[in-house]
Amino acid sequence: MKKATFLLTIFLLLAVGFTAVACTGGADEGITVTDPWGRTSPAAAENGAFYMMLTNNGSEDDTLLGASTDACGMVELHEMYDKGDGVMGMRPVEGGTIALPAGGSAELKPGGLHVMCMMKQVDFAAGTEIPLTLTFENAGEMEVTAVIRDN
Ligand SMILES: [Cu+2]
């Protein structure tokens, strides 16, 4: 190999390497979805729920507008609330969306915010993987896989 060719090869390898690093850095921006999961429920149960941690690593506010999946006839963003006398109820979140301020996060967890799955189309058996499409105002659509487990 001629020296010039050798140097060019090294240069190209470095360029590819730096590009890969730059892309990885880019992926850290925006929204991170951590541990999407759903609770096991009998096949006969009409509804289910999904939980996850949403983190906005970006410098711009974002909003979770909604979610969709073939596993549910209808999906809504819900919250649990105290109906009084220690009775908990649930309802669609105000405005139907979940705010994700820049640098902030929203935890969807049992007893709080959740992605409500109505008219379940599949059995929520432990280990089942359910593809979910999350739609954000700025980040656009994100595909995640929720795993069904007991808790
Ligand atoms: Cu609900």
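Modeller: A strand is a DSSP run of E, at least two residues long, and strands are numbered from the N terminus. Asp-35 lies in strand β1 of this predicted model.

Colleague: Which residues make up β1, and which strand does β1 pair with?

Modeller: β1 covers residues 31-39 and pairs with β10, residues 140-149. The sense is parallel, over three bridges. Pairing needs at least two bridges, so three qualify. Within this pair, Trp-37 stands opposite Val-147 in β10.

Colleague: Is Asp-35 buried or exposed, and how do you know?

Modeller: Count the C-beta atoms. Asp-35 has 11 others within 10 Å. The exposed class takes 12 or fewer, so Asp-35 is exposed.

Colleague: What is noted about the phi of Asp-35?

Modeller: Phi is positive, about 50°, although Asp-35 is not a glycine. Met-119 also has a positive phi, near 55°, and is likewise a residue other than glycine. Met-119 sits in strand β8.

Colleague: What makes Met-119 buried or exposed?

Modeller: Met-119 has 12 other C-beta atoms within 10 Å. The limit for exposed is 12 or fewer, so Met-119 is exposed.

Colleague: And Leu-108: buried or exposed, and why?

Modeller: Leu-108 has 24 other C-beta atoms within 10 Å. Buried begins at 20 or more, so Leu-108 is buried. Its place is in strand β7, residues 105-108.

Colleague: Which residues is Leu-108 in contact with, leaving aside neighbours within four places in sequence?

Modeller: Tyr-51, Met-52, Leu-113, His-114 and Val-115. Leu-108 and Pro-36 are 72 residues apart in sequence, and their C-alpha atoms are 9.1 Å apart.

Colleague: How many residues are in the largest nonpolar core, and which touch the most other members?

Modeller: That core holds 25 residues. Phe-50, Leu-64, Val-115 and Cys-117 touch the most other members. Elements giving two or more residues to it include β2 (48-56), β7 and β8 (114-120). β2 gives the most, with five residues.

Colleague: What does Leu-64 touch, not counting residues up to four places away in sequence?

Modeller: Leu-54, Leu-77, Thr-97, Ile-98, Leu-100, Leu-134 and Phe-136.

Colleague: In which sense do β9 and β10 pair, and over how many bridges?

Modeller: β9, residues 129-136, pairs with β10 in the antiparallel sense over eight bridges. The threshold is at least two, so this counts as a pairing. Thr-133 stands opposite Glu-143 in β10. A hairpin joins β9 to β10 through three residues.

Colleague: What does the secondary structure of the whole protein come to?

Modeller: One helix and ten strands. The helix comes before the strands, counting from the N terminus. Of the 151 residues, 21% count as buried. Among contacts between residues at least 6 apart in sequence, 66% join residues at least 24 apart.

Colleague: What is the mean pLDDT of the protein?

Modeller: The mean is 87, and 81% of the residues reach 70 or more. Over residues 18-27, however, the pLDDT is below 50. Beyond near neighbours in sequence, that stretch has zero contacts in the model.

Colleague: Why should such coordinates not be read in detail?

Modeller: Because the pLDDT is low there, and predicted coordinates should not be read in detail where that is the case.

How values were computed
Residues numbered from 1 in each chain as written. Predicted model: local features only at pLDDT ≥ 70, side-chain atom pairs only at ≥ 80, totals over all residues. Helix = DSSP H or I, 4+ residues; strand = E, 2+ residues; numbered from the N terminus. pLDDT = per-residue confidence, 0-100. Contact = placed C-beta atoms within 7 Å. Core = buried A, V, L, I, M, F, W, Y, C linked by C-beta atoms within 7 Å.
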